[in-house]
Amino acid sequence: MGVRRLSPNDNCWCGSGKRYRRCHMETDPDADLVVPGEVSPRRTVPDGIARPDYSVTGRPGPRSRSLVKAPEAVERMRAACRAARHVLDLIGRHVAPGVTTDELDAIAHDEYIRLGGYPSTLNYQGYPKSICTSVNEVICHGIPDDRPLQDGDIVNLDVTIYLDGMHGDCSATFPVGTIDEASKRLMAVTHECLLLGVEAVRPGVRVNEIGRAIERHAIAHDMGVVRAFTGHGIGETFHMDPQVPHFYDPRADDELLPGMTFTIEPMITLGTWRHIVLEDDWTAVTADGRRTAQYEHTVLVTEDGVEILTGSEADR
């Protein structure tokens with residue numbers, strides 16, 4: 001993964017229309033940014049593992065139209081989500097200075113297969129790896145590579161498994177060694193945003209109430225909410241309706257119904273919510289180079305509230 005700095009004569013990231021040198025260049029942080037690493041060849045999956053429709057071509061088929069799942073499908077979702085959480089907890093325990101994100105990808109890949117599952121991200125729209133690893137200013141979709149994690153980094157690990165015809169999806173941000181107070185606060189507020197978003201879920205509520213709860217909390221802590229990437233429905237297909245913005249969007253007015261499953265995955269920043277997508281067409285970074293964190297759960301709307309399908313015992 002790699003990042004780029006704006007040149008002095010580029011338009012500023014803030015959207016002011018001014019040149020970067022006349023706007024934010026002097027006040028942007030001078031912290032070291034993530035540097036590129038080498039990406040290893042794509043890992044293989046044994047023939048006996050059931051695969052999603054895009055595993056060979058990279059092109060997913062039509063999105064599922066069934067937003068409300070039958071009880072049998074919900075049970076398969078629970079199993080896939082438990083497996084995803086298991087893999088996330090496993091690779092999280094290996095986060096340490098000197099470990100590469102490619103090594104974390106290898107651990108996750110092998111565990112998916114041991115569980116009888118397929119890495120959902122592998123070849124989805126051509127994505128080359130089995131997890132996403134987003135370090136420091138990388139918002140999401142960071143590609144695992146041979147860059148060793150450094151003391152003081154933070155890294156989001158995003159895990160999705162395809163198991164028994166269902167996708168289970170979750171992520172968390174982990175400290176690498178000893179991190180600074182600003183990063184600790186960022187991680188804490190982001191996790192709080194996730195849980196507040198989950199608490200907003202119940203039958204009859206509109207999707208935009210989830211974003212309202214998240215945005216209110218982030219703004220209260222003077223942090224930004226990334227707008228370009230959303231939560232999403234999930235189940236038989238990796239990404240489906242409803243789309244779940246993490247800020248209040250009046251257009252996101254779908255009614256939540258029992259049996260719906262979707263992700264809530266706020267991406268919260270210490271600076272601007274604006275982003276840049278890098279030349280690999282995957283890695284999204286904050287436009288000002290400041291740090292960002294993300295936490296994610298897959299949830300189920302129940303008859304009287306919400307069930308966290310990818311939660312730890314504390315989250316449940």
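Before I show you anything, let me say what I mean by handedness: a crossing of two helices is called left-handed if the near helix is turned anticlockwise from the far one by less than a right angle, and right-handed if it is turned clockwise. With that in mind, and remembering throughout that we are looking at a predicted model, I would like to start with two helices, α1, which covers residues 71-92, and α2, which covers residues 101-114.

The axes of α1 and α2 come within 10 Å and cross at roughly 145 degrees, and the crossing of this pair is right-handed. On the α1 side the residues that take part are His86, Val87, Leu90 and Ile91, and they meet Leu104, Ile107, Ala108, Glu111, Tyr112 and Arg114 of α2. Sorted by class, that contact has 7 nonpolar residues, 1 polar residue and 2 charged residues.

Staying with α1 for a moment, please find Arg78, which is found in that helix. If we leave aside its neighbours within four places in sequence, Arg78 is in contact with Leu300, Glu307 and Leu309. There is also a pairing with Met166 to point out, since Arg78 and Met166 are 88 residues apart in sequence and yet 9.2 Å apart in space, going from C-alpha to C-alpha.

Now to a second pair of helices, α3, residues 181-199, and α4, residues 208-220, whose axes come within 8 Å and cross at roughly 155 degrees. Because of that angle, α3 is roughly antiparallel to α4, and the crossing of α3 and α4 is right-handed. The residues that α3 brings to this contact are Val189, Glu192, Cys193, Leu196 and Gly197, and in α4 they meet Ile210, Ala213, Ile214, His217 and Ala218. By class, the contact of α3 with α4 is made up of 7 nonpolar residues, 2 polar residues and 1 charged residue.

Let me turn from the helices to the largest pocket, which has a volume of about 490 Å³. Which residues lie closest to its centre? Of the 26 residues that line this pocket, the closest to the centre are His141, Phe229, His232, His239 and Trp282. The elements that give two or more residues to the lining are β4, residues 154-163, and β7, residues 231-233. As for its chemical character, the lining divides into 10 nonpolar, 10 polar and 6 charged residues.

One of those central residues deserves a second look, namely His141, which is found in the loop between β3, residues 138-140, and β4. Its phi is near 65 degrees, and this is a positive value in a residue other than glycine.

Finally, a detail of the backbone: the peptide bond from Asp241 to Pro242 is cis, with omega near 0 degrees, and Pro242 lies in strand β8, which covers residues 240-244.

Technical notes
Residues are numbered from 1 along each chain as its sequence is written. This is a predicted model: local features need pLDDT of at least 70, side-chain atom pairs count only at pLDDT 80 or more; totals for chains, interfaces and linings use all residues. Side-chain values use heavy atoms; hydrogens and water are left out. On a 1 Å grid over the protein atoms alone, a cavity is a set of points where a 1.4 Å probe fits but cannot get out, and a pocket is an open set with protein on both sides within 12 Å along at least five of seven lines; lining residues have an atom within 4 Å of a point. Grid points are joined across faces, edges and corners, and a volume is the space filled by probe spheres set on the points. Helices (H or I, at least four residues) and strands (E, at least two) are DSSP runs, numbered from the N terminus. Ala, Val, Leu, Ile, Met, Phe, Trp, Tyr, Cys and Pro count as nonpolar, Asp, Glu, Lys and Arg as charged, and the others, Gly among them, as polar. Axes are lines fitted to C-alpha atoms, for helices over the stretch in contact, and angles run from 0 to 180 degrees between N-to-C directions. Angles under 35 degrees count as roughly parallel, over 145 as roughly antiparallel, 65 to 115 as roughly perpendicular and the rest as oblique. Contact means heavy atoms within 4.5 Å.
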